[in-house]
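Colleague: I'm new to this one and would like to ask why things get the labels they do. Shall we look at it together?

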Amino acid sequence: MTRSKLTFAALLLMSLTFASSTRSFTPAQNAHPKRSVLELDLSLDPQGRPLLAWVEQVSAANHPLFVQRLERQGWRKLGSALNVGKGTAAQGVFVRASSSGTLWAAWSENGGHADIVQFGKWNGQKWMPQIKMRQSIDLTYAARSRDLELDADGTPLWVWAEINGTGIAVQTRRWSGLEWTGSAPLSLSAKTIATQPALATNTFGARVAVWLEGDAARSSVRVKRWNGKIWQRLGGPLNIRPNTFTAA
């Protein structure tokens, strides 16, 4: 089952569970009912309410990003489209809530020959673009394999796979309030291809990263944990058969 199907299944299950405890329920709806949904992301806020981010197709180059939350009265759209550039195509979307309830969103917009990663913060009434946080990647497809999580204090944490000249390396970055501070590469070798990183955190400050590393035909699932100073490797490959074709 693909990630999108798993996400949809999880959304449906959570929606039905939440609806059973409310007096009224309205299914999620597109911003425009005749537009196709291209991708989505699902997470929960501290109250257990589902947060849904999705991209709709207006035209070949115009894909607006929207966010809504399931509340007791039904789905509530949070503001308007998040895209910073008008008529741009949003993709690689994430929506996360901190333990205090602060909402963050991240996505990319293609700007010609650059892949611009944008961030937005919900102020309770509208999404505020975080221009200082945006990151520009020279190669369009260099860093679309990534994940967003929040630290215990609500600070955004970013993990991505980026071309380094000899391969593709996985790195984490943490927002200091003024700039991104990056870790040393998590990948075991600078000459391998590391892709599909995922990041997990909890309210106690624990961080764990997982990714695929190898080449296009043979990869292993690798895991590292943050000990407060460095990322430490946890055991060997998780694959039942390491160095085989592995995906998702």
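**Why the labels fit**

Colleague: What makes the meeting of the Arg96 and Glu149 side chains a salt bridge?

Modeller: Their N and O atoms are 3.3 Å apart. The cut-off is 4 Å between a Lys or Arg side-chain nitrogen and an Asp or Glu carboxyl oxygen, so Arg96 and Glu149 qualify. The two sit in distant parts of the chain, Arg96 in strand β5 and Glu149 in strand β10, 53 residues apart. Do keep in mind that this is a predicted model.

Colleague: Is Glu149 buried or exposed?

Modeller: Glu149 has a relative accessible area of 18%. Buried means under 20%, so Glu149 counts as buried.

Colleague: And why is Arg96 called buried?

Modeller: Same sort of reasoning: its relative accessibility is 9%, and the limit is under 20%. Therefore Arg96 goes down as buried.

Colleague: Which other side chain meets Arg96 in a salt bridge?

Modeller: That would be Asp147, again at 3.3 Å from N to O. This pair also links distant parts of the chain, with Arg96 in β5 (residues 90-97) and Asp147 in β10 (residues 146-150), 51 residues apart. Asp147 is buried too, because its relative accessibility is 7%. If you follow the links, Asp41, Arg96, Asp147 and Glu149 make up a network of salt bridges.

Colleague: How many salt bridges does that rule give in total?

Modeller: Twelve. One of them joins Arg218 to Asp215, whose closest N and O atoms are 2.9 Å apart.

Colleague: Why are Arg218 and Asp215 called partly exposed?

Modeller: Arg218 comes out at 46% relative accessible area and Asp215 at 28%. Buried stops under 20% and exposed starts over 50%, so both values land in between.

Colleague: Let's zoom out. What is the chain built from?

Modeller: One helix and 17 strands. The chain has 248 residues, 42% of which count as buried. Its accessible surface comes to about 13,400 Å², and 54% of that belongs to carbon and sulfur atoms.

Colleague: How do you know that β11 and β12 are paired?

Modeller: Pairing takes at least two bridges. Strand β11 (residues 156-163) and strand β12 (residues 168-175) have seven, so they pass, and they run antiparallel. You can look for Ile163, which stands opposite Ile168 in β12. These strands form a hairpin with four residues between them, and Gly165 in the turn has a positive phi of about 105°.

Colleague: What makes β12 and β13 a pair?

Modeller: Strand β13 (residues 180-182) shares three bridges with β12 in the antiparallel sense. At least two are needed, so this counts. Arg174 has Thr181 in β13 as its bridge partner. This hairpin too has four residues between its strands, and Gly177 takes a positive phi near 105°.

Colleague: Which residues touch the most other members of the largest nonpolar core?

Modeller: Leu65, Val67, Leu78, Leu82, Leu103, Trp107 and Trp127, out of 15 residues in that core. Strands β2 (50-57), β3 (65-71), β5 and β6 (103-111) each supply at least two of its residues. Another core lies apart from it, with twelve residues, among them Phe94, Trp104, Leu148 and Trp158.

Colleague: Why would nonpolar side chains gather like that?

Modeller: In soluble globular proteins, nonpolar side chains tend to be buried together.

Colleague: What does Leu65 touch?

Modeller: Setting aside residues up to four places away in sequence, the list includes Ala53, Val55, Leu82, Val93 and Trp107.

Colleague: How many aromatic pairs are there, and why is the pair of Trp122 and Trp127 called tilted?

Modeller: Eight aromatic pairs. The ring centres of Trp122 and Trp127 are 5.4 Å apart and their planes are at 55°. Pairing needs centres within 6.5 Å, stacked needs under 30 degrees and edge-to-face over 60, so this pair is tilted. Both Trp122 and Trp127 are buried.

Colleague: Which residues form the aromatic cluster?

Modeller: Phe94, Phe119, Trp158, Trp160, Trp175 and Trp180.

Colleague: Last one: what makes Gln57 partly exposed?

Modeller: Gln57, in strand β2, has a relative accessible area of 34%. That is neither under 20% nor over 50%, so partly exposed it is. Beyond four places in sequence, its contacts are Arg35, Ser36, Leu38, Asn62 and His63.

Definitions and conventions. Residues are numbered from 1 along each chain as its sequence is written. This is a predicted model: local features need pLDDT of at least 70, side-chain atom pairs count only at pLDDT 80 or more; totals for chains, interfaces and linings use all residues. Side-chain values use heavy atoms; hydrogens and water are left out. Buried means under 20% relative accessible area, exposed over 50%, partly exposed in between (1.4 Å probe, protein chains only). A nonpolar core is a set of buried Ala, Val, Leu, Ile, Met, Phe, Trp, Tyr and Cys residues joined through side-chain atoms within 4.5 Å. Contact means heavy atoms within 4.5 Å. Accessible areas come from the Shrake-Rupley method with a 1.4 Å probe; for residues, only the protein chains shown count as cover. Rings of Phe, Tyr and Trp (its six-membered ring) pair if their centres lie within 6.5 Å; planes under 30 degrees apart count as stacked, over 60 as edge-to-face and the rest as tilted.
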